[in-house]
Every structure is written in structure tokens, then in C-alpha cells.
Amino acid sequence: MAPDRLLDLVGQPGGPLADAALWHLTVVESGLVTPTMSRLVFTAPGLAGLQYRAGQDLMLRIPLSEDKVVNRRYTIRSFDSTSSSVTMDVSLHGTGPGTDWIATAGPGDAIDAIGPRGKITVDDEADWHLFVVDETGLPGALAMMESLPSGAVAVALVEIDTPADEQVPDAAAAAAVDLRWLHRQGQHEPGDPELLVEAAAAVVWPTGGGHAYVAAEARVVRAVAQTLESRGVGSEQISPKAYWRRGLPNAEHGEPTRD
């Protein structure tokens, strides 16, 4: 779908963007959270009225030239209605129009966005929660961990490069989530499924009906989902989300290209 066509679908009843709005964002803060994770804080007219669930994203309309844009989707890390600000953390794991813009953006820079978008949010009926993500899925996983109800039981398997890339959720989530870091340390390439597949094959989860949220490189997501299904987790209990595909840029609509 052409990027300009998306604007015609925003807010249209019954359409794919029926619940989304067009936001004219302005950067108010920028910087690094870790050596490989950039944080941008935005504000916009009317942003205090943003309605979203943890795990959803905004689609930034990245400018390519004076009259062309490409869309890139980034999960909302947090939202503050009091200050009318939304925070996005973006992994700088590669190059491309989205990460290039994020890496250089500073206070005062403006960009349009569409959202909120995304259907992967916390399953309120689950007895336990399992997050299996790489660094691209980490911001969304942290936001979802922090939205878990009191008394929730959760395990998180997070692949990152080095310990310097670790982040800590807020105090309540930190107390509730068994957060396990898997460090590549130069021994594995980003997008190699080995670390997350081995961890998913070995993890022990509580009894009852749970839900798994898998967010990473496309082939990694597929391999992890297959591993979980082989261990008895039903496909309806798995929410897979491919953030990128190794060796290929995302399509102009913001999602990884498909096989």
C-alpha cells in the first residue's frame, strides 16, 4: 500500500486504521538509554487524549525527500497524559531510513505519525506470561511487563548484545518478572535463532494457561513459536511479532517483507 494511501484510511469506520489518528509530533527530548538503544520523547497537539494499550505502536512517516516518505512502526515505551508526551525506545541494530532518522533527531524536529496500531497486548485471562524477544522487541516487552496486574507471574527471555544493553523495568514489574538476559557477546549474529530457541526449549513455566509474546527477527520468531508449540503451547497462546528480517529492509508500510 502506498504511504499516501494510508492517510485516507485513518479513522475510517471498519477500516484497518479505524482506531488510529494522525499526530503531528515534535521531539522534546532525545538521547541514548543504552549504547544501542535510542530514546525519543514526543509531544503533539491533542496527545493527552491518546488511547492505547501497552504493546501498541505508532507508525512514523519517515521523510525520504521533500515529497516522499516511508513508514516505520515503533512500539510506544510509555505515555504521560499529564505532560502530553509519548516515549519511544528504538534499537539501533542496523541502518535504514527509520534508524537513521531516530539516531539524528533532536529537540524541535517534527514528524508525522499514525496510531496507535497493533493487536498484540497483554492477555488479561492468562495465568502466566512468557516474553521471548531480542532488543527490537524489548521496548514493547518492558511496556507490557509494566502493565501486568498485581500478582501476575511472568518470565522474560531477552537477547541483547552485551550487559551494557540491559534495562530494568519499573519496581513492580521487576519484582513480578523473572527477567533473564541472553548475551550474544560477539558469539552470535543478530537474527541467529540459537540463543532464544535454546532458552525457550529449556524454560519452565508455571501451571495453568499462559500466553507467550514473541518479538524479534522474522525467522527467529517463527523458530521460537515452533519450539513452544512442540512443548505443548497452543498456537492461540502465542502472539508472534516480527520486527525485522535479517538482510532485508522493511517494506514501505513498516513491516518486514514476507517469504
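These are my notebook entries on the barrel and the ring contacts in this structure.

**Entry 1, the ground rule.** I am working from a predicted model, so I keep that in mind for everything below.

**Entry 2, the barrel.** I started with the sheet. I found that 6 strands close into a barrel, and I wrote down their order as 1-2-5-4-3-6, with antiparallel pairing. On average, neighbouring strands in this sheet are turned by 45° against each other, with direction ignored. Then I looked up how strand 1 meets strand 6. Strand 1 covers residues 21-34 and strand 6 covers residues 110-117, and I count 6 bridges between them, antiparallel. One spot to click on here is L25, which stands opposite I111 in strand 6.

**Entry 3, helices on the sheet.** Which strands does helix 2 touch? Helix 2 (residues 97-104) packs on the sheet and touches strands 1, 2, 3, 4, 5 and 6. I noted its direction at about 50° to that of strand 4. Next I checked helix 3 (residues 138-146), which lies across strand 2, strand 4 and strand 5. Helix 3 runs at about 30° to strand 4.

**Entry 4, aromatic pairs.** How many aromatic pairs does the structure hold? I get 3, and I wrote up two of them, including Y52 with F79. Y52 and F79 sit edge-to-face, with 6.2 Å centre to centre and 90° between the planes. Y52 is in the loop between strand 2 (37-43) and strand 3 (57-63), while F79 is in strand 4 (residues 69-80), so the pair ties together parts 27 residues apart in sequence. I looked up exposure too: Y52 is partly exposed, at a relative accessible area of 23%, and F79 is also partly exposed, at 23%.

**Entry 5, the tryptophans.** Stacked or edge-to-face for W128 and W205? The ring centres of W128 and W205 are 5.4 Å apart and the planes are at 15°; planes under 30 degrees apart count as stacked, so I logged this pair as stacked. It links distant parts of the chain, 77 residues apart. W128 belongs to strand 7 (residues 128-133), and W205 to the loop between helix 5 (194-202) and strand 10 (210-217). On exposure, W128 is buried, with a relative accessible area of 3%, whereas W205 is partly exposed at 21%.

**Entry 6, a charge over a ring.** Last lookup of the session: K241 lies over the face of Y243, and I have it at 5.9 Å from the ring centre.

Conventions. Residues numbered from 1 in each chain as written. Predicted model: local features only at pLDDT ≥ 70, side-chain atom pairs only at ≥ 80, totals over all residues. Heavy atoms only, no water. Phe/Tyr/Trp six-rings, centres within 6.5 Å; stacked < 30°, edge-to-face > 60°. Helix = DSSP H or I, 4+ residues; strand = E, 2+ residues; numbered from the N terminus. Buried < 20%, exposed > 50% of the residue type's maximum accessible area, 1.4 Å probe, protein only. Lys NZ or Arg CZ within 6 Å of the ring centre and 35° of its normal. Pairing = 2+ DSSP bridges. Axes fitted to C-alpha atoms, helices over the stretch in contact; angles between N-to-C directions. Contact = heavy atoms within 4.5 Å.
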